[in-house]
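User: Could you take me through the salt bridges in this model, one pair at a time? I would also like some context on the chain around them.

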Amino acid sequence: MAEHEEKKHEESLMDRIAEKIQAHDSSSSDSDNDKPSESTIKAKVFHLFGREKPVHHVLGGGKPADIFLWRNKKISAGALGVATVIWILFEMLEYHLLTLVCHLLILALALLFLWSNAATFVNKSPPRIPEVQIPKDPVMEFAQALRFEINRAFAVLRDIASGRDLKKFLSVIAGLWILSIVGSWCNFLTLFYIVFVLLHTVPVLYEKYEDKVDPFAEKAMHEIKKQYAVFDAKVLRKIPRGPLKEKKKD
């Protein structure tokens, strides 16, 4: 009887230990479920300009994005080199566009003309000059895309001028004012060249140092929002509203 009771005591003790282990496992699993998953943590990470896609997709993907992000270093370096040569010719050497086009055509036509005539004397085949024609479909697609962007810009300007969004109005006015200051420093060609160089440097540097730039940008955006809230409370809310908004309140 004593041995039977000891066995029962040992079995009950083992059952208690097993129940404690199961309770500990269930509590640990519940705590793991309460922890945010890796995907949710990644979703909460701040990205510059609120983007949710990679930089390559933000730039439109395809060949232009590959050039800006230096996926093909030869093409990117060639495009940047050609832009630099054009800027040096027109800005530093004060070359004119019409003069450059005429000189290039004179050189090309002279070389082809001499080559075609010299080929008959040296018994070689004349140069094969390809027939160049501008295709219709790409031109129509470009015109439609340009028309869509212009109409969208007009719609945005109309929405801003209607006085519906004061924040957007102030941001656009500030952007145009900064652009006018930059335009007074340099001409259109230099400004275009600066933008072209920035497109070939800033995106690739941001993609490389994204983990360091995003936290700094998050702090900057937080500070900008804080200062705008102070400006809104002290200045913007004290501006008297128009009669349209008063009628809506009534």
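Analyst: Happy to; here is a close look at the salt bridges, followed by the setting they sit in. This is a predicted model, in which local features need pLDDT of at least 70 and side-chain atom pairs count only at pLDDT 80 or more, while totals for chains, interfaces and linings use all residues. Residues are numbered from 1 along each chain as its sequence is written, and side-chain values use heavy atoms, with hydrogens and water left out.

Let us start with the rule. Side chains of opposite charge can pair when their charged atoms come close. Here a salt bridge means a side-chain nitrogen of Lys or Arg within 4 Å of a carboxyl oxygen of Asp or Glu, and the count comes to 3.

One pair is Arg-71 with Glu-207, whose side chains meet at 3.0 Å, N to O. This salt bridge links distant parts of the chain, with the partners 136 residues apart. Arg-71 sits in the loop between helix H4 (62-68) and helix H5 (73-92), whereas Glu-207 belongs to helix H9 (residues 188-208). Helices here are DSSP runs of H or I of at least four residues, and strands are runs of E of at least two, numbered from the N terminus. For exposure, buried means under 20% relative accessible area, exposed means over 50%, and partly exposed lies in between (1.4 Å probe, protein chains only). Arg-71 counts as partly exposed because its relative accessibility is 45%, and Glu-207 is partly exposed at 28%.

Next come Arg-152 and Glu-149, with their closest N and O atoms 2.8 Å apart. Both are in helix H7 (residues 136-161), and because they are 3 residues apart there, about one helical turn separates them. Arg-152 is partly exposed at 47% relative accessibility, and Glu-149 is partly exposed at 39%.

The remaining pair is Asp-159 with Lys-168, where the N to O distance is 3.7 Å. Asp-159 has 23% relative accessibility, so this residue counts as partly exposed; Lys-168 is partly exposed as well, at 32%.

Now for the setting. The protein chain has 11 helices and 0 strands. Of its 250 residues, 10% count as buried. Taking contacts (heavy atoms within 4.5 Å) between residues at least 6 apart in sequence, 55% join residues at least 24 apart. The chain exposes about 21,700 Å², and carbon and sulfur atoms supply 66% of that area; the areas come from the Shrake-Rupley method with a 1.4 Å probe, and for residues only the protein chains shown count as cover.

There is also a nonpolar surface patch of about 520 Å², made by Leu-166, Phe-169, Leu-170, Ile-173, Phe-231, Val-235 and Ile-239. Patch residues have over 30% relative accessible area and no salt bridge, with nonpolar side chains (Val, Leu, Ile, Met, Phe, Trp, Tyr) joined within 5 Å and like charges within 9 Å. Helix H8 (residues 166-185) gives the most to this patch, with 4 residues. Leu-170 is in helix H8 and is partly exposed at 31%.

Finally, an unreviewed UniProt entry lists residues 75-90, 96-115 and 169-199 under "transmembrane region"; UniProt positions follow the numbering used here, feature names are shortened, and annotations may be inferred rather than shown by experiment. In the model, residues 75-90 are 100% helix and 0% strand, with end C-alpha atoms 23 Å apart. Residues 96-115 are 95% helix and 0% strand, and their end C-alpha atoms are 29 Å apart.
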